[in-house]
Amino acid sequence: MKKLIVVNGTMGVGKTKTCKELNKRLKNSVWLDGDWCWKMNPFIVNEENKKMVKENIAFLLNNFLNNSNLENIIFNWVIHDEQILDDILEMISNKDFQLKKITLICSRKVLKRRISSDIAKGKKDIECLERSLKYFDLYEDMDTEKIDTSEMATEEIVEEVMKLIE
């Protein structure tokens, strides 16, 4: 049975690096980063755009789930509210998959250090840190498996994800 592996968490916890490596490790897999469906200039958060992005993600996930060559579909995004994922899952027509929901978390101190490093490298801006801290506590109560990435290297995180999805 196909697996839809959803990895969420606030910005800076290691979702992208983890999923990139997970995709290399899993056979017959594909990886979708929700941010790819939101690369807008300017970045405008409104109801029209949120609806469009969810529909784009659901469209891609549907196609991946319907592809006979794929066994593992990895999807990562910030998803700070379970309703966002529920909305996307409702738009998926092929329900023949096993859903694995994993939230990456870390300490506030580590999160600030990681994002500050990205700001210094020009990869992120100060608003990213502010948004990430704003959503920080929302992940704790989500109905997902949690992995604390505070003191873990990417390979260690991938190993933990592998244990959860096997």
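Let me start with the side chain of T10, which in this predicted model makes a polar contact with the side chain of S132, at 2.8 Å. If you look for T10 along the chain, you will find this residue in the loop between β1 and α1, the helix that covers 15-25. Is T10 buried or exposed? With a relative accessible area of 3%, T10 is buried, and, leaving aside residues up to four places away in sequence, T10 touches K15, L104, L111, S132, Y135 and Y139.

From that loop we can step back to the strands. Strand β1, residues 2-8, runs parallel to strand β4, residues 97-105, and seven bridges join the two; within this pairing, N8 has T103 of β4 as its bridge partner. Strand β4 also pairs with strand β5, residues 145-148, again in the parallel sense, this time over four bridges, and here I102 stands opposite E145 in β5.

Let me finish with the cysteines. How many disulfides does the model contain? The count comes to zero, and the distances let us see why for two residues, C19 and C37. A disulfide needs two cysteine sulfur atoms within 2.5 Å, whereas the sulfur of C19 lies 14 Å from the closest cysteine sulfur, which belongs to C37, and that is too far for a bond. Taken from the other side, the closest cysteine sulfur to that of C37 is the one in C19, so the 14 Å separation rules out a bond there as well. As for their surroundings, C19 counts as buried, because its relative accessibility is 0%, and C37, at 13% relative accessibility, counts as buried too.

Note on methods
Residues are numbered from 1 along each chain as its sequence is written. This is a predicted model: local features need pLDDT of at least 70, side-chain atom pairs count only at pLDDT 80 or more; totals for chains, interfaces and linings use all residues. Side-chain values use heavy atoms; hydrogens and water are left out. Buried means under 20% relative accessible area, exposed over 50%, partly exposed in between (1.4 Å probe, protein chains only). Two strands pair if DSSP finds at least two bridges between them. A polar contact is a pair of N or O atoms within 3.5 Å; within protein, one must be able to donate a hydrogen and the other to accept it, and residues adjacent in sequence count only if both atoms are side-chain atoms. Contact means heavy atoms within 4.5 Å.
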